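Subject: Structure handover

Hi,

Here is the structure for you to take over. Please open it first, then read the notes below it.

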Amino acid sequence: MPLLRFDMLEGRSDEDLSRLLDAAHGAMLEAFKVPTRDRYQIVHEHKPSRVRIEDTGLGIDRSDKVILVSVTTRPRPVEQKQAFYRLLCEALQRDCGIGSNDVMVNFVENTDADWSFGRGEAQFLIGDL
C-alpha cells in the first residue's frame, strides 16, 4: 500500500526507470513485508533547472543521478523505515549504479481513512484489507 513517488532529473531510459522501480519495489517488499502486487509507483522527471536537492549542511555530494523518494503510507515502525533506507540504497547501487549520496527519502504518514483503492470505498475501513 505504500505509494512511492520518485522525483529526478529527466533523461533516464525506460529500461533504467524499470530497473529503478523494480529495485525500489524489492526494497519495499523486504522492509515492509507487503504483498507482491502492493505496488504503487509514480515517476516525476524534471529539467535540471527545476530541481534543487541539497544536503542540509551534511556535506553530501550529489550527482545528476540524484532522486527524491517520497513514501506515503500508514504508520510504520522506525525499524522498518531504517531497513527501507538501507535496502533501497543497496538495491539502487547494485541494480542502477546510483550511490547512496544520491538517494533522499521522506515518509508521509496517514491513516486507514485516507486510502481508497477504487470502487468508491475505503477498503481498510470496511475490512477488505
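How much space lies in the largest pocket? About 180 Å³. A word on terms. The search runs on a 1 Å grid over the protein atoms alone; a cavity is a set of points where a 1.4 Å probe fits but cannot get out, whereas a pocket is an open set with protein on both sides within 12 Å along at least five of seven lines. Grid points are joined across faces, edges and corners, and the volume is the space filled by probe spheres set on the points.

Before going on, some ground rules. This is a predicted model, where local features need pLDDT of at least 70 and side-chain atom pairs count only at pLDDT 80 or more, while totals for chains, interfaces and linings use all residues. Residues are numbered from 1 along each chain as its sequence is written, and side-chain values use heavy atoms, with hydrogens and water left out.

**The pocket lining**

Lining residues have an atom within 4 Å of a pocket point. Among those of the largest pocket are Met-1, Val-34, Pro-35, Tyr-40, Phe-117, Phe-124 and Leu-129. Arg-37, Asp-38, Arg-74 and Arg-76 also line it. The lining divides into seven nonpolar residues, four charged and no polar. Here Ala, Val, Leu, Ile, Met, Phe, Trp, Tyr, Cys and Pro count as nonpolar, Asp, Glu, Lys and Arg as charged, and the others, Gly among them, as polar.

**The strands**

Start with strand 3, residues 67-73. Helices (H or I, at least four residues) and strands (E, at least two) are DSSP runs, numbered from the N terminus. Six of the seven residues of strand 3 are buried, so the strand is largely enclosed by the rest of the structure. Buried means under 20% relative accessible area, exposed over 50%, and partly exposed in between (1.4 Å probe, protein chains only).

Strand 3 pairs with strand 1 and with strand 4; pairing takes at least two DSSP bridges between two strands. Strand 1 (residues 3-9) runs antiparallel to strand 3, with six bridges. Strand 4 (residues 103-109) runs parallel to strand 3, with seven bridges. Val-69 shows both contacts. Phe-6 stands opposite Val-69, and the bridge partner of Val-69 in strand 4 is Val-105. From strand 3 the chain crosses through helix 2 (residues 78-96) to strand 4, a right-handed β-α-β crossover. Right-handed means that, with the strands pointing away from the viewer, the path from the first strand over the helix to the second runs clockwise. Val-71 has a bridge partner in strand 4 too: Phe-107.

Leu-3 is in strand 1. It is buried, at 14% relative accessible area. Its C-alpha atom is 20 Å from that of Gly-127, 124 residues apart along the chain.

**The aromatic rings**

The structure holds seven aromatic pairs. Rings of Phe, Tyr and Trp (its six-membered ring) pair if their centres lie within 6.5 Å; planes under 30 degrees apart count as stacked, over 60 as edge-to-face and the rest as tilted. One of the pairs is Phe-32 with Phe-84: the centres are 5.4 Å apart and the planes at 20°, so the pair is stacked. Phe-32 lies in helix 1 (residues 14-32) and Phe-84 in helix 2, so the pair ties together parts 52 residues apart in sequence. Phe-32 is buried at 4%. Phe-84 is buried at 0%. Trp-115 and Phe-117 are also stacked, 5.8 Å centre to centre with 10° between the planes. Trp-115 is buried at 11%, whereas Phe-117 is partly exposed at 30%.

Which residues form one aromatic cluster with Phe-32? Phe-84, Tyr-85 and Phe-107 do.

**The loops**

Two residues have positive phi although neither is a glycine: Thr-56, at about 55°, and Arg-119, at about 65°. Thr-56 lies in the loop between strand 2 (40-46) and strand 3. Arg-119 lies in the loop between strand 4 and helix 3 (123-126). Thr-56 is exposed at 76%, and Arg-119 is exposed at 76%.

Gly-97 is in the loop between helix 2 and strand 4. Gly-97 is partly exposed, at 33%. From Gly-97 to Leu-20 is 9.7 Å, C-alpha to C-alpha, with their places 77 residues apart in sequence.

Over to you.
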